[in-house]
Every structure is written in structure tokens, then in C-alpha cells.
Amino acid sequence: MKKLRFLLLDANVIIKLFELKLWEQVIERCEIFIAETVANEAQFFHDDVGQEAIDLSAYSTANKINVVSLTASDVAEFRDRFTPDYMERIDPGEAEALAYLLGSKDPCLLCSADAIVFRILGRLSCGEQGISLEEILQRTGLSTTVPIQYRRAFRDHWTKVGQQDMIRNVGLK
């Protein structure tokens, strides 16, 4: 099976993959890139035992994932493109991941469970670069039921909202 390439994951998706006990299978089947800020945000998940720590540095050291970072000025430049109503909804990890995605020369997909990520992609006419966890699991043969914010319908809805914002000229300075 060909690996899904340049897949950027948001912290909420990483945490959900650990909770579903699918992290190891996904990193075997996908070429994973994670923004450094996201890697720092994804610290714990909950399972039957309680709270468990996530150590992404071990996966990075073993070259199973790629942790990427941007300068603070690159992230600030990305954030400065948007109006406050957009930026107040996005966390630092999402901003860094989106800035990396949009600046990358190689095709990337960004997986999140936050509406604002897909809304921004829709607003920038980059909706095809968003992907839901549900879609990743289907493409890698690991399908399982996930909550609504991890599904394609959620991604499609918020991408369309972003496209409508583009038509109305909302969101960008």
C-alpha cells in the first residue's frame, strides 16, 4: 500500500489516534509531518487506565514522523492575513501547521477536527488540502466510527462555509 504523503496532523487528531489505539498503524501507512507546536500540544490522551502521556519525540528520533517548525515571523505573517474573527478561533499549533501547509512546495494534506482549519482552507481555495480522520482511516484500511468532528461531513461543511466567506469577502484583511 502506498503511503499517504505529507500528512500534517493537528493535536486533536493525534490524541484521538492514541485513544483509538491506531497511532502505530497510521504512522506505518502514512508519511507524517507534525508542526513543532502541535507536537508540544499533544501531550496526553485518556484510555481505560486513565491519563497516558504521549511522547512524540521518540517517534521523531526513530524517524517514524517528521516534526517541522517555522519561525515565529512566518507564523505571524500567516496570522496577519486574517481578520480577528478568524484568528481568535485558531490555536498556535493550527496556525503553524496551516502556514507550513500553505508554504510547502510539495502537496500536503492537513487533518484536523477543528472547524476553523477547514474554514480557512475553504476561504483560501485550498479545501482539497483538508482531510478528515475518517478519510485517513478509510484510505489506510483502518476504518472505525469516529465522532462527528473527525468525519468527512464535518470537513465538507466547514470548507463550504470558508468558500462562502470567500464569496462574501470575509475573513481576510
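**Entry 1: the loop after α1**

I began with K21, which I found in the loop between α1 and α2 (23-29). I note at the outset that the model is predicted. I looked up the backbone of K21 and read a phi near 60°, a positive value in a residue other than glycine. Most residues other than glycine have a negative phi, which is my reason for writing this one down. I then asked whether K21 is buried or exposed. K21 is exposed, and its relative accessible area is 54%.

**Entry 2: a second positive phi**

I looked up N63 next, and its phi is also positive, near 60°, again in a residue other than glycine. I placed N63 in the loop between α4 (56-61) and β5. With a relative accessible area of 67%, N63 counts as exposed.

**Entry 3: the sheet**

In what order do the five strands of the open sheet stand? I read the order as β5-β2-β1-β6-β7, and the pairing is parallel. At the edges I found β5 (66-68) and β7 (130-131); each has a single partner strand, so one side of each is left without a neighbour in the sheet. I followed β7 to its partner and found that β6 (residues 109-111) runs parallel to β7, with two bridges joining them. Across this pair, L110 stands opposite G130 in β7.

I also checked helix α1 (residues 11-19), which packs on the sheet. The strands that helix α1 touches are β1 (4-9), β2 (30-35) and β6. I noted that the direction of helix α1 makes about 105° with that of β1.

**Entry 4: S132**

I moved on to S132, in the loop between β7 and α9 (133-139). Is S132 buried or exposed? S132 is buried, at a relative accessible area of 1%. I looked up what S132 is in contact with, leaving aside its neighbours within four places in sequence, and listed C111, Y150, R151, R152 and R155.

**Entry 5: salt bridges**

I turned to charged pairs. Side chains of opposite charge can pair when their charged atoms come close. How many salt bridges does the structure hold? The structure holds seven salt bridges, and I wrote up some that involve R152 or R155.

I took R152 and E135 to begin with: they form a salt bridge, and their closest N and O atoms are 3.7 Å apart. The pair links distant parts of the chain, with R152 in helix α10 (residues 152-168) and E135 in helix α9, 17 residues apart. For exposure, I read R152 as partly exposed, with a relative accessible area of 42%. E135 is buried, with a relative accessible area of 7%.

I then looked up R155, which forms a salt bridge with E135, the closest N and O atoms being 2.8 Å apart. Since R155 lies in helix α10 and E135 in helix α9, this pair ties together parts that are 20 residues apart in sequence. Both R155 and E135 are buried.

I went back to R152 and found a salt bridge with D156, where the closest N and O atoms are 3.3 Å apart. R152 and D156 are four residues apart in helix α10, so about one helical turn separates them. D156 is partly exposed, with a relative accessible area of 25%.

Which residues do salt bridges that share partners join into one network? I wrote down E135, R152, R155 and D156.

How values were computed. Residues are numbered from 1 along each chain as its sequence is written. This is a predicted model: local features need pLDDT of at least 70, side-chain atom pairs count only at pLDDT 80 or more; totals for chains, interfaces and linings use all residues. Side-chain values use heavy atoms; hydrogens and water are left out. Two strands pair if DSSP finds at least two bridges between them. Contact means heavy atoms within 4.5 Å. Axes are lines fitted to C-alpha atoms, for helices over the stretch in contact, and angles run from 0 to 180 degrees between N-to-C directions. Buried means under 20% relative accessible area, exposed over 50%, partly exposed in between (1.4 Å probe, protein chains only). A salt bridge is a side-chain nitrogen of Lys or Arg within 4 Å of a carboxyl oxygen of Asp or Glu.
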